[in-house]
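Hi there,

As promised, I am handing over the structure so that you can look at it yourself. My notes on what turned up follow below it.

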Amino acid sequence: MLAGCATLPKVNEDGSIEARLGQRIDVGGPKVTPLKGLEDSRCPMEARCIWAGRVRLEVKVETGRGRSVRELASDKPLTVADGQLELLGVMPPTSTQRPIAPGDYRFALKFSGGL
C-alpha cells in the first residue's frame with residue numbers, strides 16, 4: 001500500500017459495508033461513523049442461549065441536512081432521512097474465553113432508501 005492511502009472498507013455480499021470504531025464510511029447516502037459500543041449482549045460462541053442478544057452503538061450520521069449522534073441497535077433499524085440504516089453484523093463473535101478489545105470490532109452497516 002502506498003503511504004497516505006487509506007484502507008478501503010470491506011463490502012460484503014449482502015451489500016453491507018464494514019467499519020471499525022472511529023472509521024467514517026459512505027453507506028450509499030449518509031456517511032456513518034461508529035463512535036462507541038453501548039452494549040454487546042450477544043450469546044458467546046461456546047454457550048447455548050435462549051436469546052441471541054444484541055449490539056447497540058453510538059454512531060455519527062452525516063447527511064446533506066447536517067450531522068447527528070444517534071443510537072443504532074442490531075435489533076432495530078434507524079430511520080435516516082427517507083431510508084433505513086441497519087446494523088446487520090458484528091465481528092468478531094463473543095467468547096467466554098476472552099473479551100473483545102474495542103479496536104477489534106467490525107460492524108456491517110447497510111442503508112436502504114435514498115436521500
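Let me start with one residue, L85, and work outwards. Setting aside residues up to four places away in sequence, L85 touches V27, V32, V61, L72, P77, L78, V80, L109, K110 and F111. Please keep in mind that this is a predicted model.

**The core**

L85 is among the residues with the most contacts inside the largest nonpolar core, together with V27, L72, L87, F107 and L109. That core has 20 residues. At least two residues each come from β1 (17-19), β4 (55-63), β6 (78-80), β7 and β8. The strand that gives the most is β4, with four residues. As a general background, nonpolar side chains in soluble globular proteins tend to be buried together.

F107 deserves a second look, since the structure holds one aromatic pair. The partners are Y105 and F107, which are stacked, with 5.6 Å from centre to centre and 5° between the planes. Both Y105 and F107 are buried.

**The chain as a whole**

Which elements does the chain have? There are eight strands and zero helices, so to speak a run of β-β-β-β-β-β-β-β from the N terminus on. The C-alpha trace spans about 45 × 40 × 25 Å along its principal axes. For 115 residues, a compact globule would have a radius of gyration near 13 Å, and the 15 Å of this chain agrees with that. Buried residues make up 31% of the 115 residues. Among contacts with a separation of 6 or more, 46% are between residues 24 or more positions apart.

**P77 and A81, on either side of β6**

One of the residues that L85 touches is P77. P77 sits in the loop between β5 (66-73) and β6. Is P77 buried or partly exposed? Its relative accessibility is 41%, so P77 counts as partly exposed. Leaving out residues up to four places away in sequence, P77 touches Q84, L85 and E86. A little further along the chain is L88, eleven residues from P77, and the C-alpha atoms of P77 and L88 are separated by 9.3 Å.

The loop between β6 and β7 holds A81. Have a look at its backbone: phi of A81 is near 50°, a positive value in a residue other than glycine. A81 is partly exposed, with a relative accessible area of 33%.

**The loop between β7 and β8**

Two residues in this loop caught my eye. P92 lies in the loop between β7 and β8, and the peptide bond that leads from M91 to P92 is cis, with omega near -10°.

T94 lies in the loop between β7 (83-91) and β8 (106-112) as well. Where does the side chain of T94 reach? It comes to 3.4 Å from the backbone oxygen of R42. A polar atom of the T94 side chain also lies 3.1 Å from the backbone oxygen of C43. Not counting residues up to four places away in sequence, T94 touches D40, R42, C43, P44, M45, E46 and I100. T94 counts as buried because its relative accessibility is 11%, which is under the 20% cut-off.

**The disulfide**

C43, whose backbone oxygen lies 3.1 Å from a polar side-chain atom of T94, also takes part in a disulfide. How many disulfides does a search of the whole structure find? The search finds one. C43 and C49 form this disulfide, with their sulfur atoms 1.9 Å apart. The link of C43 and C49 is right-handed, with 80° about the S-S bond. C43 counts as partly exposed at 23% relative accessibility, and C49 is partly exposed too, with a relative accessible area of 40%.

**Where to look**

If you open the model, I would suggest three stops. Begin at L85 and its contacts, including V27, L72 and L109. Then go to the cis peptide bond from M91 to P92 and on to T94 with its contacts to residues such as R42 and C43. Finish at the disulfide of C43 and C49.

Happy to talk it through whenever it suits you.

Best wishes

Note on methods. Residues are numbered from 1 along each chain as its sequence is written. This is a predicted model: local features need pLDDT of at least 70, side-chain atom pairs count only at pLDDT 80 or more; totals for chains, interfaces and linings use all residues. Side-chain values use heavy atoms; hydrogens and water are left out. Buried means under 20% relative accessible area, exposed over 50%, partly exposed in between (1.4 Å probe, protein chains only). A polar contact is a pair of N or O atoms within 3.5 Å; within protein, one must be able to donate a hydrogen and the other to accept it, and residues adjacent in sequence count only if both atoms are side-chain atoms. Contact means heavy atoms within 4.5 Å. A nonpolar core is a set of buried Ala, Val, Leu, Ile, Met, Phe, Trp, Tyr and Cys residues joined through side-chain atoms within 4.5 Å. A disulfide is a pair of cysteine sulfur atoms within 2.5 Å. Rings of Phe, Tyr and Trp (its six-membered ring) pair if their centres lie within 6.5 Å; planes under 30 degrees apart count as stacked, over 60 as edge-to-face and the rest as tilted. The radius of gyration is taken over C-alpha atoms; the globule rule is 2.2 Å times the number of residues to the power 0.38.
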